[in-house]
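Q: Please take a close look at one part of this model, its salt bridges, and talk me through what they connect. I'd like the surroundings too, as one connected story.

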Amino acid sequence: MVLSTSLHSLCIIPHTSQCKIPSIFNLLKSPLAKPHLKINPIFKPSSLSLFTQPSKLRPKTQNFRTPTIRSLFTGIVEEMGEIKQLGMADHGGFDLKIHAKTVIEDVHLGDSIAVNGTCLTVTDFDTHLGEFTVGLAPETLRKTSLSELEPGSLVNLERAIPPTGRMGGHFVQGHVDGTAEIVGKQVEGDSLWIKVKTDKNLLKYVVPKGFIAIDGTSLTVVDVFEEELCFNFMLVAYTRQKVVIPLKEIGQKVNLEVDILGKYVERLLSSGFVDSIKGSRFPETHNKVSSCFTYVVFTLVVESGSYL
């Protein structure tokens with residue numbers, strides 16, 4: 001609004017001021033209107049008038065930055081896919097082509113899909129044929145059991161979980177730590193006991209009643225047999241019908257991903273964190289070591305499930 005006289009007009013013009021926006025949205029600061037006074041000369045006499053002057057300022061366009069989301073899985077297998085083709089590709093790499101139905105419904109190039117628990121990147125897809133292709137690095141072939149696959153083999157498939165999705169299993173990164181060999185299978189009622197043997201460097205992270213991802217399936221360890229370098233788990237009837245593990249024979253391998261919390265704790269202990277607190281010259285600090293360590297472990301649990 002501007003109040004005009006015969007000599008000058010008094011104008012109210014919007015002026016920008018800063019408004020604090022929560023940093024979690026990663027937004028640019030938004031301009032809000034704040035009036036200030038400005039004198040505009042008028043050369044011709046005029047009667048007292050009241051009029052509106054539109055602002056020439058335009059609000060800035062907000063730039064929303066999409067947060068970077070790391071791939072995270074739950075160990076709840078969505079479907080079993082079939083290997084259609086695997087081998088060296090024209091570009092010199094190793095490709096794996098898989099037939100699927102569910103995971104290809106909303107697939108995009110660059111999406112992450114866990115194949116038998118191995119996080120792989122979609123490099124090509126055909127929704128009409130129901131096929132997608134992923135690339136395999138030499139280290140992936142050495143570290144996992146995917147090298148045992150052949151055309152017609154079935155594999156567990158799971159898409160990366162969105163931030164709003166349900167966590168039905170446990171936090172699975174899709175980073176296979178190693179493999180285990182199936183050494184025993186035994187039916188009990190409608191369930192199936194499976195016993196596997198692995199390297200001692202992996203077995204130290206396996207604990208009774210603890211989480212473990214086997215071929216990308218979130219399962220619970222039942223018993224650990226230290227001397228045999230083995231552990232076992234049980235598959236209920238429903239799980240037996242939905243995953244590939246029961247289809248494998250004694251002597252075949254499965255992919256393992258241990259609970260990442262155990263590796264975090266080991267790293268923390270080896271870094272000398274606890275010893276540094278114990279070595280404090282303040283006696284009262286010693287009594288707080290246990291509670292402090294508990295707090296750090298709790299923090300690691302939370303951070304291991306962080307999306308951003």
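**Salt bridges and their surroundings**

A: Let's start with Asp 177, which counts as buried because its relative accessibility is 17%, and the cut-off for buried is under 20%. Bear in mind that this is a predicted model. The side chain of Asp 177 meets Lys 263 in a salt bridge, at 2.8 Å from N to O. Asp 177 sits in the loop between E10 and strand E11 (178-188), while Lys 263 belongs to helix H4 (residues 260-270), so this pair ties together parts that are 86 residues apart in sequence. Lys 263 itself is partly exposed, at 25% relative accessibility.

Stay on helix H4 and you meet another charged pair. Glu 266 forms a salt bridge with Lys 204, with the closest N and O atoms 3.0 Å apart. Glu 266 is in helix H4 and Lys 204 is in the loop between helix H2 (200-203) and strand E13 (211-214), so here the parts being tied together are 62 residues apart in sequence. Glu 266 is partly exposed with a relative accessible area of 33%, and Lys 204 is also partly exposed, at 48%.

Now hop over to Glu 78. Its salt bridge partner is Arg 159, and their closest N and O atoms are 2.6 Å apart. This one also links distant parts of the chain: Glu 78 lies in the loop between strand E4 (49-51) and E5, Arg 159 lies in strand E10 (residues 154-159), and 81 residues separate them. Glu 78 has a relative accessible area of 32%, which makes it partly exposed, and Arg 159 is partly exposed too, at 22%. Asp 106 joins in as well, since Glu 78, Asp 106 and Arg 159 are linked in a network of salt bridges. Altogether, the structure holds seven salt bridges.

What do these pairs sit around? Take strand E10, home of Arg 159. E10 is part of a closed barrel of six strands, running E5-E6-E9-E8-E7-E10 with antiparallel pairing. From one strand to the next, the twist averages 45°. For a closer view of one barrel pair, look at strand E8 (residues 118-126) and strand E9 (residues 131-136): they run antiparallel and four bridges join them. Phe 125 stands opposite Phe 132 in E9.

On the Lys 204 side, the loop leads to strand E13. E13 pairs with E14 in the antiparallel sense over four bridges, with Ile 214 partnered by Thr 217 in E14. The hairpin they make has two residues between the strands, and there Asp 215 takes a positive phi near 55°. E13 is also joined to strand E17 (residues 253-258) by three bridges, again antiparallel, and Ala 213 has Glu 257 in E17 as its bridge partner.

Thr 217 then takes us to the largest pocket, which holds about 250 Å³ of space. Of its 16 lining residues, the closest to the centre are Thr 217, Tyr 238, Thr 239, Lys 242 and Val 243. Strand E5 (79-88), strand E14 (217-220), strand E16 (230-235) and helix H3 (237-242) each give two or more residues to the lining. By type, the lining divides into nine nonpolar, four polar and three charged residues. Strand E5 brings us back round, as a member of the barrel that comes after the loop holding Glu 78.

Notes
Residues are numbered from 1 along each chain as its sequence is written. This is a predicted model: local features need pLDDT of at least 70, side-chain atom pairs count only at pLDDT 80 or more; totals for chains, interfaces and linings use all residues. Side-chain values use heavy atoms; hydrogens and water are left out. On a 1 Å grid over the protein atoms alone, a cavity is a set of points where a 1.4 Å probe fits but cannot get out, and a pocket is an open set with protein on both sides within 12 Å along at least five of seven lines; lining residues have an atom within 4 Å of a point. Grid points are joined across faces, edges and corners, and a volume is the space filled by probe spheres set on the points. Ala, Val, Leu, Ile, Met, Phe, Trp, Tyr, Cys and Pro count as nonpolar, Asp, Glu, Lys and Arg as charged, and the others, Gly among them, as polar. Two strands pair if DSSP finds at least two bridges between them. Axes are lines fitted to C-alpha atoms, for helices over the stretch in contact, and angles run from 0 to 180 degrees between N-to-C directions. A salt bridge is a side-chain nitrogen of Lys or Arg within 4 Å of a carboxyl oxygen of Asp or Glu. Buried means under 20% relative accessible area, exposed over 50%, partly exposed in between (1.4 Å probe, protein chains only).
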